[in-house]
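I'm opening a fresh page for a structure I haven't looked at before. These are my notes, in the order I looked things up.

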Amino acid sequence: MTGEGVSGSVAEACGAGRGPGRPRDDEMDDRILDAALSFIDAGEELTVSRLVERAGVSRAALYRRWPTLTDLLVAALDVGRTVPPGLPEEVDLQQEFLMRFLGVSEGRVDPDYPEARFRQRIRLMMADRELQRAYWESHVARRRVPVEDALRAGVARGELRPDLDVEAAMDLLAGVVYYQLVVRGEAINSAGSRARVRAAVDLVWRGMAAPGSPG
């Protein structure tokens with residue numbers, strides 16, 4: 001990916017930000033995001049010039065919506081991802097975490113997020129720390145909140161140990177899935193990956209469970 005508009009605001013170069021402007025057009029937003037995803041999913045180089053040509057929009061229209069190419073990439077890479085719902089107190093927290101938040105039951109990290117796109121996301125972010133941090137701050141950190149809240153609720157109910165470091169536990173549990181995809185290079189829906197994720201979550205949960213808890 002080239003740096004055409006990747007870092008720093010380029011909106012001013014096209015007059016963006018000089019006034020309130022026109023209301024955003026959701027259809028145009030979708031057209032730009034779809035064009036960006038067509039490059040990402042194909043593993044093709046994405047530049048502003050190529051993007052505006054494929055989307056059929058002006059640079060000014062692009063910059064009004066996303067001041068930098070990094071901003072646009074962050075938005076495009078999160079298309080199809082959702083913030084998980086909170087958990088009711090009466091559920092089996094370990095099983096719900098395994099099935100709903102790690103996606104083992106569906107064999108997917110997220111039902112509407114293709115694994116191929118996930119791999120492209122990893123590739124792009126490992127090459128661009130600014131993009132990685134922007135995606136973390138605007139999307140990933142927000143998506144973790146319901147999951148971390150569920151773990152804190154487990155602590156409050158006495159199911160999980162009182163000294164549990166919730167953020168570290170979340171990193172560890174989510175890392176189990178990432179390891180299968182990024183390090184082992186296996187699909188999350190393979191029998192081996194699903195078995196390893198289940199075994200690892202069970203192992204980690206034993207260390208997270210409060211003394212005397214069934215977990």
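Is Arg152 buried or partly exposed? I looked it up, keeping in mind that this is a predicted model. Arg152 comes out at 39% relative accessibility, so I put it down as partly exposed.

**Entry: the partner of Arg152.** I went looking for what Arg152 touches and found a salt bridge with Asp149, where the closest N and O atoms are 3.6 Å apart. The two sit three residues apart in helix 7, so about one helical turn separates them. Asp149 has 41% relative accessibility, so I count this partner as partly exposed too.

**Entry: another pair in helix 7.** I stayed in helix 7, which runs over residues 129-156. Here the side chains of Arg144 and Glu148 meet in a salt bridge, at 2.8 Å from N to O. Arg144 and Glu148 are four residues apart, about one turn of the helix. Are they buried or exposed? Both are buried. I note the contrast with Arg152, which is partly exposed at 39%.

**Entry: more salt bridges.** Next I checked Glu159, and I found a salt bridge with Arg157, with 2.7 Å between the closest N and O atoms. Glu159 has 25% relative accessibility, so it goes down as partly exposed. Arg157 is also partly exposed, with a relative accessible area of 30%. Elsewhere, I saw Glu44, Arg50 and Arg54 joined into one network by salt bridges that share partners. How many salt bridges are there in the whole structure? My search turned up 13.

**Entry: stepping back to the whole chain.** I should have done this earlier. I get nine helices and zero strands for the secondary structure. Reading along the sequence, I wrote the pattern as α-α-α-α-α-α-α-α-α. The chain has 215 residues, and 41% of them are buried. I then looked at contacts between residues at least 6 apart in sequence, and 69% of these join residues at least 24 apart. For the surface, I have about 11,200 Å² exposed by the chain, with carbon and sulfur atoms supplying 51% of that area.

**Entry: a negative patch.** Which residues form the negative surface patch? I listed Asp25, Asp26, Glu27, Asp30 and Asp34. I picked out Asp30 for a second look and found it in helix 1, which covers residues 26-42. Its relative accessible area is 45%, so Asp30 is partly exposed.

**Entry: helix 8, outside and inside.** I moved on to a nonpolar patch on the surface, formed by Tyr178, Tyr179, Val182 and Val183. Together these four have about 370 Å² of accessible area. Tyr178 has its place in helix 8, and with a relative accessible area of 32% I call it partly exposed. Then I tried Val177, which lies in helix 8 as well, within residues 166-183. Why does Val177 count as buried? It has just 4% relative accessibility, and buried means under 20%. So in helix 8 I have a buried Val177 beside a partly exposed Tyr178 in my notes.

**Entry: one last distance.** I also checked Val177 against Ala200. They are 23 residues apart in sequence, and from C-alpha to C-alpha I get 9.6 Å in space.

Terms used
Residues numbered from 1 in each chain as written. Predicted model: local features only at pLDDT ≥ 70, side-chain atom pairs only at ≥ 80, totals over all residues. Heavy atoms only, no water. Patch = residues over 30% accessible without salt bridge, like charges linked within 9 Å, V, L, I, M, F, W, Y side chains within 5 Å. Areas by Shrake-Rupley, 256 points an atom, 1.4 Å probe, with all protein chains shown as cover. Lys, Arg positive; Asp, Glu negative; His and termini not counted. Charge placed at Lys NZ, Arg CZ, Asp CG, Glu CD. Buried < 20%, exposed > 50% of the residue type's maximum accessible area, 1.4 Å probe, protein only. Contact = heavy atoms within 4.5 Å.
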